[in-house]
Amino acid sequence: MNNNGAPDYSKAECWYRIPEITKEVDTFFIYPTKYAATNEGDPDYATLDNEEMRKGVVEVDTRYASGLYADSTNLFMPYYRQAGFRYLAEVWRKEGNARAVLEATPYEDVTKALDYYFDNYNGGRPFILAGHSQGSALCLLALEDYFKRHSDYYERMVAAYTIGYSVTRDMLDENPHMKFATGETDTGVIISWNTEGKRNIEENAKNIVLLPNAVCINPLNWKTDDTYAPASANLGSIVYDKDTGKTSVEDLNVDARINPERGVIVTNTDYDPIDLTDLFGPASFHNSENTFYLFNVKENVKKRIAAYLEKK
């Protein structure tokens, strides 16, 4: 780190993962919010050595990041000074959008990490951009700004998996270089969804990660309309045991149908939603939307890579 606490990405300590290069394609993954900052006096942004955040990154890697991307790609994961959950929530309640919080310190770090990655690690390989929640919001900022300025890098993007934060029609209209996925194997596109239960739909619940005019794709049938995908199409879900730090594959009866008006995936599973009703609504599966569909998405990563490499 520099004296001001900013990461120096030439140092291995500023990366959670710098993989051995064994695959034709990389993944650059930006982790979700793992710094709660709930205590009075906690800084709005995590320091790079924040223990809560670092432990959270290990959990993210164990629960789904490696499972989704490490088999098919060289998985890179930088540390960054992320916004605390309390701060994000405060700004969202006041302004209806926490984007300004992310455009500051977190995005500054992510762009520096991208610069170092492309200059020193990428070696001209195709890559996947991926994240979840705050990480996905930062991916989208990078797609709007960084990759617009670096079109030579952008041409090598297999896909962007920005799960757990809305992609909107307005965003796509304002950034014509950004394309949303239309099927199972298109490349150079964005793949995204938020996952909710029926109560959120019925109550039109506010959800901190859901923006107006959102679009999404169904991870069980790779359609963008409201075609129903039964739980039988789900290849298995991952359940994480916090006590042991281990995962297991379970059948949680997770189906999927897009609600076009709200721009979300609706599932009928009886698995427990997250307990943050004031921020996500009474039936949000925000913490599970990677693990619910992990094996389907893992297969999709392979298919999009194969489609990209075939074109080349």
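Two strands pair if DSSP finds at least two bridges between them. Helices (H or I, at least four residues) and strands (E, at least two) are DSSP runs, numbered from the N terminus. Keep both in mind for this talk.

Now the ground rules. This is a predicted model: local features need pLDDT of at least 70, side-chain atom pairs count only at pLDDT 80 or more, and totals for chains, interfaces and linings use all residues. Residues are numbered from 1 along each chain as its sequence is written, and side-chain values use heavy atoms, leaving out hydrogens and water.

Start with the sheet. It is open, has 6 strands, and follows the order β1-β3-β2-β4-β5-β7. The pairing is mixed. At the edges sit β1 (15-17) and β7 (189-191), and each pairs on one side only. How much are neighbouring strands turned against each other? On average by 20°, direction ignored. Angles like the ones in this talk run from 0 to 180 degrees between N-to-C directions, and axes are lines fitted to C-alpha atoms, for helices over the stretch in contact.

Next, strand β2, residues 26-30. Is it buried or exposed? Buried means under 20% relative accessible area and exposed over 50%, with partly exposed in between (1.4 Å probe, protein chains only). In β2, 5 of the 5 residues are buried, so the strand is largely enclosed by the rest of the structure. Look at both faces. Asp-26, Phe-28 and Ile-30 cover one side, Thr-27 and Phe-29 the other, and all are buried.

Who are the partners of β2? On one hand, β3 (residues 74-78) runs parallel to β2, joined by 3 bridges. There, Thr-27 has Leu-75 as its bridge partner. On the other hand, β4 (residues 127-132) pairs with β2 in the parallel sense over 5 bridges. Phe-28 has Leu-129 of β4 as its bridge partner. Thr-27 stands opposite Ile-128, and Phe-29 stands opposite Ala-130.

Now β4 itself. Here 6 of the 6 residues are buried, so β4 too is largely enclosed by the rest of the structure. Phe-127, Leu-129 and Gly-131 point one way; Ile-128, Ala-130 and His-132 point the other. A further 6 bridges join β4 to β5 (residues 157-163), again parallel. Gly-131 stands opposite Thr-162 in β5.

On to the helices. Helix α1 (residues 51-69) joins β2 and β3 in a right-handed β-α-β unit. Right-handed means that, with the strands pointing away from the viewer, the path from the first strand over the helix to the second runs clockwise. Between α1 and β3 there is a loop, and Ser-72 lies in it. Ser-72 is buried, at a relative accessible area of 14%. Which residues does it touch? Leaving aside neighbours within four places in sequence, Ser-72 is in contact (heavy atoms within 4.5 Å) with Lys-23, Val-25, Val-301, Lys-302 and Ile-305.

Helix α5 (residues 134-144) lies across β2, β4, β5 and β7, at about 135° to β4.

Last, α5 meets α4 (residues 105-121): their axes come within 10 Å and cross at roughly 65°. That makes α4 roughly perpendicular to α5. The scale is this: under 35 degrees is roughly parallel, over 145 roughly antiparallel, 65 to 115 roughly perpendicular, and the rest oblique. Which residues make the contact? Pro-106, Tyr-107, Val-110 and Leu-114 come from α4, and Gln-134, Leu-138, Leu-141 and Ala-142 from α5.
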